[in-house]
Every structure is written in structure tokens, then in C-alpha cells.
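Student: I'm new to this structure and would like a close look at just one part of it. Could you pick a single residue, tell me whether it is buried or exposed, and then work outward from there?

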Amino acid sequence: YGDIEVKEEENNLIIDFTRSPHLKAKLKHFNYDIFEIIWEHDQPWFSFGTVQFTKTNRNKVKGIEFDVPNYDFFFEELNAKRID
């Protein structure tokens with residue numbers, strides 16, 4: 001699925017699967033470093049989901065873990081790591 005970008009747009013945190021235009025969403029704060037995924041496009045296989053930013057021991061973001069329950073696209077298999 002290519003690169004995943006997390007960026008700020010119009011005061012919102014956005015996650016964007018750059019090669020999949022229907023996999024773009026706002027991130028709404030949920031709890032600590034966990035954010036709810038609010039998809040821009042309705043998804044037939046999943047709706048509620050969260051992402052958690054994983055960090056180094058120096059509090060620098062090093063990756064993203066997904067929790068999006070569904071039976072089609074297994075987000076937990078993504079190994080999203082930060083590339084500087």
C-alpha cells in the first residue's frame with residue numbers, strides 16, 4: 001500500500017495512505033497517544049479504528065500501530081515505521 005503520511009491540514013491531524021486515495025482520515029484524540037480514525041470515505045469492511053504512535057525511550061515517534069477490527073484488510077500486519 002505504499003507510504004503512509006501523517007501531517008497537519010487545517011488544524012487537523014491527517015493520516016494518508018498515499019497510494020490508496022480512499023484510505024485517508026482525520027485522527028481524533030482518543031486516549032494518551034492513541035487516536036481514533038475518522039475515514040473521509042465510508043469503508044464497507046471497517047469503520048471504527050485507532051492508531052497508536054509508538055515512541056523511543058526519548059519520546060520520539062518511531063512508528064504507528066493500527067487497531068482496525070475487520071475481516072478483510074489486516075491493518076495489524078502493517079509495519080509502519082518512521083522514515084526521516
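Tutor: Let's start with the word itself: a residue counts as buried when its relative accessible area is under 20%, and as exposed when that area is over 50%, with partly exposed in between. Now take E36, which sits in strand β4. Its relative accessibility is 18%, so E36 counts as buried.

Before we go on, keep in mind that this is a predicted model. The mean pLDDT of the chain is 88, and 96% of the residues reach 70 or more. Of the chain's elements, β3 has the highest mean pLDDT, at 96, while strand β7 (residues 80-81) has the lowest, at 81. As a rule of thumb, where pLDDT is low, the predicted coordinates shouldn't be read in detail.

So what surrounds E36? Leaving aside residues up to four places away in sequence, E36 touches K26, L27, K28, F30, F48, G49 and T50. Several of those names make sense once you see the strands. K26, L27, K28 and F30 are among the contacts of E36, and strand β3 covers residues 24-31. β3 and β4 (residues 34-39) run antiparallel and are joined by six bridges. One place to check this on screen is H29, whose bridge partner in β4 is F35. The two strands make a hairpin with two residues between them, and Y32 in that turn has a positive phi of about 50 degrees.

Now look to the other side of β4. T50, another contact of E36, belongs to strand β5 and stands opposite E36. β4 and β5 (residues 50-55) also pair in the antiparallel sense, this time over three bridges. For a link across a longer stretch of sequence, try V68: E36 and V68 are 32 residues apart in the chain, and their C-alpha atoms are 9.7 Å apart in space.

Step back and you'll find β4 inside an open sheet of seven strands, in the order β1-β2-β3-β4-β5-β6-β7, with antiparallel pairing. β1 (4-9) and β7 are at the edges with a single partner strand each, so each has one side left without a neighbour in the sheet. The partner of β7 is strand β6 (residues 61-67), and those two pair antiparallel over two bridges. If you want to find that pairing, look for I64, which has A80 as its bridge partner in β7.

Back on the β3 side of E36, there's a charged patch worth a visit. In general, side chains of opposite charge can pair when their charged atoms come close. The count for this model is four salt bridges. One of them brings together K24 and E9 at 3.8 Å, N to O. That pair links distant parts of the chain, since K24 is in β3 and E9 in β1, 15 residues apart. K24 has 18% relative accessibility and so counts as buried. Salt bridges with shared partners join E5, K7, E9, D16 and K24 into one network.

Follow that network one step at a time. E9 also meets K7, at 3.6 Å from N to O. K7 in turn meets D16, again with an N to O distance of 3.6 Å. How open are these residues? E9 is partly exposed at 30%, and K7 is partly exposed too, at 26%. D16, by contrast, counts as buried because its relative accessibility is 13%.

One last stop brings in ring side chains. The whole structure holds four aromatic pairs. One of them is F17 with F66, a tilted pair with 5.9 Å between centres and 45 degrees between planes. This pair also links distant parts of the chain: F17 is in strand β2 (residues 12-17) and F66 in β6, 49 residues apart. With a relative accessibility of 1%, F17 counts as buried, and F66 counts as buried as well, at 9%.

So, to come back to where you began: E36 is a buried residue in β4, with T50 of β5 opposite it.

Definitions and conventions:
Residues numbered from 1 in each chain as written. Predicted model: local features only at pLDDT ≥ 70, side-chain atom pairs only at ≥ 80, totals over all residues. Heavy atoms only, no water. Pairing = 2+ DSSP bridges. Helix = DSSP H or I, 4+ residues; strand = E, 2+ residues; numbered from the N terminus. pLDDT = per-residue confidence, 0-100. Buried < 20%, exposed > 50% of the residue type's maximum accessible area, 1.4 Å probe, protein only. Contact = heavy atoms within 4.5 Å. Salt bridge = Lys/Arg side-chain N within 4 Å of Asp/Glu carboxyl O. Phe/Tyr/Trp six-rings, centres within 6.5 Å; stacked < 30°, edge-to-face > 60°.
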